[in-house]
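Hello,

I'm handing over the structure we talked about, and I hope you enjoy exploring it. Please open it beside this email and follow along as you read.

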Amino acid sequence: MAIVMQDIKKQYAGTSAPVMEHFDLTIEEGSFTVLLGPSGCGKTTALRMIAGLEEVTGGRIFIDENDVTDVDPGERNIAMVFQNYAIYPHMTVRGNIEFGLKNYQIDKEEINERVNYVLDMTGLSEYADRKPSQLSGGQRQRVALARAISKSPKAFLMDEPLSNLDAKLRIQMRTDMIQLYNRLKCTFIYVTHDQTEAMTMGTDIVVLYKGMIQQHGTPQEVYNNPSNLFVAQFIGDPGMNALRLSDGGYVGFQPRLAQFGKSENGLNLQGTVLTNEFMGHDCMITVDIGCGSIVMRRRETRKVGEQVSLFIPQENLFYFDADQNRTGTVQTGEVVSVFHVDD
Amino acid sequence: MSTIDQIDFRTFRKLELKQHGRAYKILNGALKNPYVLIAPAVIIALGTTVFALIFCIAMSFMKWDLIWGTIEFVGFYNYKYIFTDTLFLTSLRNTIVFMVVAVFIGLALKVVVGVFLNKNKPGHNLVQTIMFTPYIIATVAIATIFRYMMQPTSGVFNLILSTLGLPTSDWYLGAQTALMSLAFITIWQGMGYGVLIVVSGLRSIPDYVYEAARLDKSSKPNTFFRITVPLLSPTLFYLLVTSSVAAFTTFDIVAMMTDGGPGTSTYMLAYYVYMQGIRFMHYGRAMAASVVLLLITASLSVANFALAGKKVHYQ
């Protein structure tokens, strides 16, 4: 089901400026859309407005072409998984799942059937009669997922559901989540600040910054073809290096595409190695180029303190105009400084 | 190095004991003994409560004549006496009625007001401050004020009732209404404290639980009874235990306002103990009655833990 946010404005009571204005977003039916951005960018607010937990100040929200702007969260045919799981601490695992189903006045037999089905699906059958306090973080997260699945909603809304888990479990749950999506084939809207999660799980990524959509595209599009400097620097591990030029524009390049050596056709830089972090497959090397430091990821290493020459081939350079928007025209001028969007 | 070692070091520096001297070794050994460290607390606890308790139980089997200074063992005589004393039985009945009313109506009111205040944040602090005030006023002062306000002919209570065209009451001066008047004052007095506890209990319930309930299409009453009340249950249980014990040992409001009257309509156990012991000098009977009072309050707490305690959800 398609979800449409139309000209949304949101301003919290007692604040002078809206957190978002003229916000338009269309989420395709059956997509795994990730709302990605740094904290305070409005991604959670957007999700909560879709859920109905947050009122909109202006604009309309449509789910399946129905205007749900003033519809209660329970009537929107959606399910939500919260960052802190939000399971009822006083109910058993089974009770947690049943609670919502009972409110929807589904008959007893079907409730039982559904509960057993989702318990089985999430591997929680043997924990059905346990209280949340007797479960691990990962198991609690699965309870929250089971509760969401049991309602067979048209869309799943997830607010950083993996961020409270430890690193290993997070990767495991990431895979589980993708399998779940492939199995259920319904709309997923997923909020995260972790670009790796966004890239690995999403079919669509919406990059948000300061309450505005910076880019909406597939993971490949936002990675290979960032529409502005913010997206370029936010996506990637780490994101692009950007150099401010004396003529007002910017030039950017991905850390993996910078090479040691010199070249006629490309951008040449010189500097001193500051740090050299071994990452397994390759190394993350920070190089001080005089007007700041840039990051590169290479398999070959250099010693800390070593003077190095490096270049980026012309075809791997991304140009941005003075407004930090992507441009096809080659920007010229001397390198003035190393630039970070959040500075 | 444990913290105890560090404390030792400073202590001995003050005492100017040589670190390897004999006194050092003895003191050092003693201070590392946990029983030595808890001794002060244990001595105070034994002296103030355990000794008093044992003394009370022992004296309830004695006839103690203060004038002649004789103490005589009388077995269960005192218990036999009080259980055949109509005044004691009336006191017991009054106390139970008073407790049930003061505790349950009080608790319900505290929850209602607590929920209301928790939702209405702007007026919350002011209202809570006003409501808490009676709790810090001495019961003596409260009793005096209410004697004026509840005065049937000139009190403000009846004045308001008659102005509104409602039936008036004899309040604490009527045999039928006196006990309930005292219960009313007790509830009013404990309201601020109870509401404070309820509000802090409500605050400890995270918002996301309510958000999950909204997404689960839970109606407001359903959310209240299936989410709020169970999650508030440790708080309610605490209030239940403490306020029922407090209600059972009510004394000052009786002594200040009614002296157990009119007739014996507000005679309660703690007041009975006081009258037997201090007024009539029947120490044995007073001790026996207080042992009964102790047993009732203890079993009340045990019953609370056994019955209500099972339904409490500690997070």
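Let me begin with one term: two strands are said to pair if DSSP finds at least two bridges between them. Please also keep in mind that this is a predicted model.

**A sheet in chain A**

A good place to start is an open sheet in chain A, built from six strands in the order 6-7-8-3-9-10. The pairing in this sheet is mixed. Its edges are strand 6 (78–81) and strand 10 (212–217) of chain A, each of which pairs on one side only. On average, and ignoring direction, neighbouring strands of the sheet are turned by 15 degrees against each other.

Try finding strand 3 (residues 32–36) and strand 9 (residues 204–209) of chain A, which pair in the parallel sense over four bridges. Which residue in strand 9 of chain A is the bridge partner of L36(A)? That partner is V207(A).

Follow the chain on from strand 9 of chain A and you come to the loop between strand 9 and strand 10, where K210(A) is found. K210(A) is not a glycine, yet its phi is positive, at about 50 degrees. Most residues other than glycine have a negative phi.

**Strand 17 of chain A and its partners**

Next, look at strand 17 (residues 307–313) of chain A, which pairs with strand 13 (residues 259–260) of chain A in the antiparallel sense over two bridges. In this region Q259(A) stands opposite F311(A) of strand 17. Strand 17 of chain A is also joined to strand 14 (residues 266–278) of chain A, by seven bridges, and these two strands run antiparallel. Here Q270(A) has S309(A) of strand 17 as its bridge partner.

**Two helices of chain A**

Now turn to helix 2 (residues 93–103) and helix 3 (residues 108–121) of chain A. They pack at an angle of about 135 degrees, and their axes are 10 Å apart. Are these helices parallel, perpendicular or oblique to each other? Angles of 65 to 115 degrees count as roughly perpendicular and those over 145 as roughly antiparallel, and helix 2 and helix 3 of chain A are therefore oblique to each other. Their crossing is right-handed. Helix 2 of chain A brings R94(A), I97(A), E98(A), L101(A) and K102(A) to the contact, while helix 3 of chain A brings I111(A), R114(A), V115(A) and V118(A). Sorted by class, the residues of this contact are five nonpolar, no polar and four charged.

**A cis peptide bond and the domains of chain A**

Further along chain A, a cis peptide bond joins D237(A) and P238(A), with omega at about -5 degrees. Most peptide bonds are trans. P238(A) sits in the loop between helix 8 (229–234) and strand 11 (241–245) of chain A.

The domain assignment splits chain A into domain 1 (3–224) and domain 2 (241–339). Taken over C-alpha atoms, the centres of these two domains of chain A are 38 Å apart.

**Where the two chains meet**

How many residues does the contact take from chain A and from chain B? It takes 18 from chain A and 15 from chain B. On the side of chain A that touches chain B, strand 6 and helix 2 of chain A each supply at least two residues. Helix 2 of chain A gives the largest share of that side, three residues. By class, the side of chain A that touches chain B has eleven nonpolar, six polar and one charged residues.

**Over to chain B**

Chain B is assigned domain 1 (3–75) and domain 2 (80–311), and their C-alpha centres lie 37 Å apart. The contact between them takes nine residues from domain 1 of chain B and seven from domain 2 of chain B. On the domain 1 side, helix 3 (34–59) and strand 1 (62–65) of chain B each supply at least two residues. That side of domain 1 of chain B has seven nonpolar, one polar and one charged residues.

Finally, helix 4 (residues 77–84) and helix 14 (residues 283–307) of chain B pack at an angle of about 75 degrees, with axes 9 Å apart. That makes helix 4 roughly perpendicular to helix 14 of chain B. In their contact, N78(B), Y79(B), Y81(B) and I82(B) of helix 4 meet G284(B), R285(B), A288(B) and A289(B) of helix 14. These residues divide into five nonpolar, two polar and one charged.

Happy exploring, and best wishes!

Notes: Residues are numbered from 1 along each chain as its sequence is written. Chains are lettered from A and ligands numbered from 1 in the order in which they are written. This is a predicted model: local features need pLDDT of at least 70, side-chain atom pairs count only at pLDDT 80 or more; totals for chains, interfaces and linings use all residues. Axes are lines fitted to C-alpha atoms, for helices over the stretch in contact, and angles run from 0 to 180 degrees between N-to-C directions. Domain bounds come from an automatic or database domain assignment. Two residues are in contact if their C-beta atoms, placed from the backbone, lie within 7 Å. Ala, Val, Leu, Ile, Met, Phe, Trp, Tyr, Cys and Pro count as nonpolar, Asp, Glu, Lys and Arg as charged, and the others, Gly among them, as polar. Angles under 35 degrees count as roughly parallel, over 145 as roughly antiparallel, 65 to 115 as roughly perpendicular and the rest as oblique. A crossing is left-handed if the near helix is turned anticlockwise from the far one by less than a right angle, and right-handed if clockwise.
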